[in-house]
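Subject: A structure to look through

Hi there,

Here is the structure I promised to pass on to you. Please open it beside this email and follow along as you read.

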Amino acid sequence: MSKLQSLGGLNGEDNTPGLLNYVLWAATDWFETIAKAPKYSAAAPAGTSAIIATAHAFKPGFGFIRIYLTLDSSELKGAVVGERDGRGQKLDLEGFHPGNRPEALEFFNIVKNIDGIMLVPDPEYNYIQVGADGLPVELAPAYGSGKISGGRKGITVKAECYATGIKIYKGDVLMKPDNSVNGAQAPSGT
C-alpha cells in the first residue's frame, strides 16, 4: 500500500471513449499457457499488476479469431461484486454482429458452450483482457430479426466473466493461422 500515489488528470492526453469494431476470442482449450498479470508488489513500478506483459502461448494451429461488431454497438463494463472481505469484479461486454449468415449463426450456436479468453480493443489499441485461466469469459448470443420498419437483424453478443480486476494485455497477439473472413484472410489483431 505504501506505493499508492495521488492520481492526476489527463494533462492534455486523449481519452477517447468506446471500443473498436471487433473483439478477439479464443477457446481456453486452444492455449498451452494463459498469461497472467503479476500480483501487486510495492517494489514494482505503479500499474505493473494491471498489465499482462507476457504473451499467451497457443497449441500448434491455434490463436485468436476476430469477431466483427458494429461500430458504436459495443460497451465493456466492470463492476465490483461480492461482500466485504471477499470482493471481485464482474466484466460484461455487449456488442452487435449484423446479419444472419449461416457461418455466424453456427459459430454463435457453438461458442455459447465454450469457455474462452477475449481481448477487447479500445480506440488507443489497448487490449482489455476479458477472461482468465480458471475465470473464463462466456458468450451468450441473442438473435433478433429486426422489423421491416426498422431495427437491426443479427446477433447481440453478450460476454461475461468474473475477474480479480481489469487487466490490459500487452503481449503479442497471435491470430489463428487459418483465420479468414468470408474467404479472405482476416485482418490481424493490431
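Below is what I found in it, going from the sheet to the helix and then to some single residues.

Please keep in mind that this is a predicted model.

**The sheet**

A good place to start is an open sheet of six strands, in the order β3-β13-β9-β8-β1-β5, with mixed pairing. Its edge strands are β3 (51-52) and β5, each of which pairs on one side only. In general, the strands of a sheet pair through backbone hydrogen bonds, and they can do so in a parallel or an antiparallel way.

Now find β1 in that order. How many of the residues of β1 are buried? Six of its six residues are, so you can call this strand mostly covered. Y22, L24 and A26 point one way from β1, while V23, W25 and A27 point the other way. Both sets are buried.

β1 also has a partner strand on either side in the sheet order. With β5, β1 runs antiparallel, and four bridges join the two. To see this pairing on screen, look for W25, which stands opposite I65 in β5. The pairing of β1 with β8 is antiparallel too, again over four bridges. Here A26 has I117 of β8 as its bridge partner.

Further along the sheet, β9 and β13 (residues 167-169) pair in the antiparallel sense over three bridges. One pair to pick out is Q129 and its bridge partner in β13, K167.

**The helix**

Next, turn to helix α1, which covers residues 102-111. Its buried residues are A104, F108 and V111. Seen down the axis of α1, these buried residues fall within an arc of 75°, so they line one face of the helix. On the other side of α1 you will find P102, E103 and E106, which are exposed. What covers the buried residues? Among the elements that do so are β1 (22-27), β5, β7, β10 and β12 (154-163).

**A buried histidine**

H97 sits in strand β7, which spans residues 86-98. Is H97 buried or exposed? Its relative accessibility is 8%, and because buried means under 20%, H97 counts as buried. A polar atom of the H97 side chain lies 2.8 Å from the backbone oxygen of Y68. Leaving aside neighbours within four places in sequence, the contacts of H97 include I67, L69, G154, I155 and V157. A104 and F108 are also in contact with H97, and both of them are among the buried residues of α1.

**Three residues in loops**

Most residues other than glycine have a negative phi. With that in mind, look at D72, where phi is near 70°, a positive value in a residue that is not glycine. D72 is in the loop between β5 (65-68) and β6 (75-83), and it is exposed, with a relative accessible area of 75%. Y125 is not a glycine either, yet it has a positive phi of about 65°. You will find Y125 in the loop between β8 (116-121) and β9.

Last comes G134, in the loop between β9 (127-130) and β10 (138-139). G134 is exposed, with a relative accessible area of 63%. How far is its C-alpha atom from that of T28? The two are separated by 9.3 Å, although G134 and T28 are 106 residues apart along the chain.

Enjoy exploring, and write back with any questions!

Best wishes

Conventions:
Residues are numbered from 1 along each chain as its sequence is written. This is a predicted model: local features need pLDDT of at least 70, side-chain atom pairs count only at pLDDT 80 or more; totals for chains, interfaces and linings use all residues. Side-chain values use heavy atoms; hydrogens and water are left out. Buried means under 20% relative accessible area, exposed over 50%, partly exposed in between (1.4 Å probe, protein chains only). A polar contact is a pair of N or O atoms within 3.5 Å; within protein, one must be able to donate a hydrogen and the other to accept it, and residues adjacent in sequence count only if both atoms are side-chain atoms. Contact means heavy atoms within 4.5 Å. The arc is that of the directions from the helix axis to the C-beta atoms. Two strands pair if DSSP finds at least two bridges between them.
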